[in-house]
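Student: I should like to take a close look at the helices of this protein and at the parts packed around them. Could you please guide me through their buried residues in one connected account?

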Amino acid sequence: MKPESPAPRWIGPGLKISVALCLVLVLTAFVQDFRRSLITAGVAVADIEINLNGAPVREHCTTCHPGGGAAGTTGEHPDIAPHRVEVLGCTGCHLGEGMALDPVLSHGVPGLGGRSVLSGRDVQGRCFSCHDPQPLEGAKKAWRGAQLFQSRACDSCHNVDHGSSGGRFGPDLSRIGDQLGLDSIEEAIRNPGADLPGSIMPRYPLSSSQARNLSYYLKSQVGSPNHVTPMELQTRKGRISTQEQTPPAPEEILSKARCLACHQFREEDGRIAPDLTHVSAMRSRDYLQRFLDSPASLIPGSHMPPATLPESWKAPLVDYLVKETGAPMAQPDAKHLYMMLCQRCHAANGDGRGLIQENLANFPRAFAGNASYFRSRSEEQIFRSLRSGVPGTSMPPYGKLLDDRQQQSLMDLIYRSFIGIDR
């Protein structure tokens, strides 16, 4: 008697797929029946037309929200004086698809959330689609986000307001509110490389509330702002405040120019870019002037955008850096020197993954676990990098800032504590 042949291996997976398809068909039929029920079960579909800044807008929202409150109840909309619901309608503030009869699609087409319904405190993400950015009752978090956008120098890279202000180094954010939902915007702020591997946008040290506030402000950046006329949208006079042409006082110029949104200077630190505290002992006046206008011409691949400062600010800014940052280091202790000058890029443990490593065009040289590289280089080559820097990178020359004794003690520390070999 012949043994029974084993069942084909595809039967098990085939049955699972068949069951899954049946479930999908049942769910689809249920959803379609629910859609039809809104119209066929005797529900009167509300059809309201409003005039939103000269544009007629039709909505069915009050079919399910007759009083403006929760769906299926007679609850009333909260008081939004001086606004009036009968004038503004629903979708102007809450978004969604006002003409959709489907209970899912009416709350926003699935995807990235550009039209997802906003409720509660999230509605303030629409306030600056109508109002100029300013302190408004009910939009305090969105206003904080607008202030953050300016103070963190986001507009040095990104353009907002349809060309009236901002840089060109990063994506145009003038219509980001039409494209992404609040959660997607917040995620892009907190983790720029998640959806765009290789993104050069730095990961800013923001709290969760700060990132959310920024997303409220950016959600208001839309293609057709309700607060402007078509002629103004065409000519764009601008509505976000820009810097004054008159340079500020010397002691205020770094903060007013928003350099400290990324860089460190003495106790203030943006935790994104190199320390400027001793920059004039490492870079010449000509280098600083050229770097402001075209960072990539001196450091190819630099993540820093060209400065968007008024021309009248640039010379005073360079003058201040040259005057205030040129003193030689008075601290001889090698560990202290390393933590002040090296760890920002090379890391406190010497592995090259320092605080600002991911924002640099070139990966800083790793000391720890890299003995083979240092054995292949003469001591003179290594000292030349310390004294003269590495052209085309963010590694500056320390020859003027550190005397010979400080340079020797720093090299001893690096070889002994990180590389693990004798000089």
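Tutor: The account below takes up two helices, then the cores, and finally one buried charged residue.

This is a predicted model, in which local features need pLDDT of at least 70, side-chain atom pairs count only at pLDDT 80 or more, and totals for chains, interfaces and linings use all residues. Residues are numbered from 1 along each chain as its sequence is written, and side-chain values use heavy atoms, with hydrogens and water left out.

Helices (H or I, at least four residues) and strands (E, at least two) are DSSP runs, numbered from the N terminus. Buried means under 20% relative accessible area, exposed over 50%, and partly exposed in between, with a 1.4 Å probe and protein chains only.

Helix α10 spans residues 285-293, and its buried residues are Y287, L288, F291 and L292. Seen down the axis of α10, these residues fall within an arc of 130°, so they line one face of the helix. The arc is that of the directions from the helix axis to the C-beta atoms. An α-helix has 3.6 residues a turn, so residues three or four places apart point the same way. The buried residues of α10 pack against α11 (295-298) and α12 (311-324), where contact means heavy atoms within 4.5 Å.

Helix α15 (residues 379-388) has I382, F383 and L386 buried. Their arc around the axis is only 95°, which puts them on the same side of α15. The partners against which these buried residues pack are α14 (371-375) and α16 (404-419). Just after α15, G389 adopts a positive phi of about 80°.

A nonpolar core is a set of buried Ala, Val, Leu, Ile, Met, Phe, Trp, Tyr and Cys residues joined through side-chain atoms within 4.5 Å. The largest one holds 28 residues, of which F149, I189, Y217 and L218 touch the most other members. Helices α4, α6 (182-190) and α7 (208-219) each supply at least two residues of this core, and the largest share, five residues, comes from α7. A second, separate core of 26 residues includes A334, L337, F383 and Y415.

R152 lies in the loop between α4 (140-151) and β3 (159-160). Leaving aside neighbours within four places in sequence, R152 is in contact with Y204, P205, L206, Q210 and A261. R152 is buried yet has no salt bridge, the nearest side chain of opposite charge, D269, being 9.7 Å away. A salt bridge is a side-chain nitrogen of Lys or Arg within 4 Å of a carboxyl oxygen of Asp or Glu; Lys and Arg count as positive and Asp and Glu as negative, while His and the chain ends are not counted.
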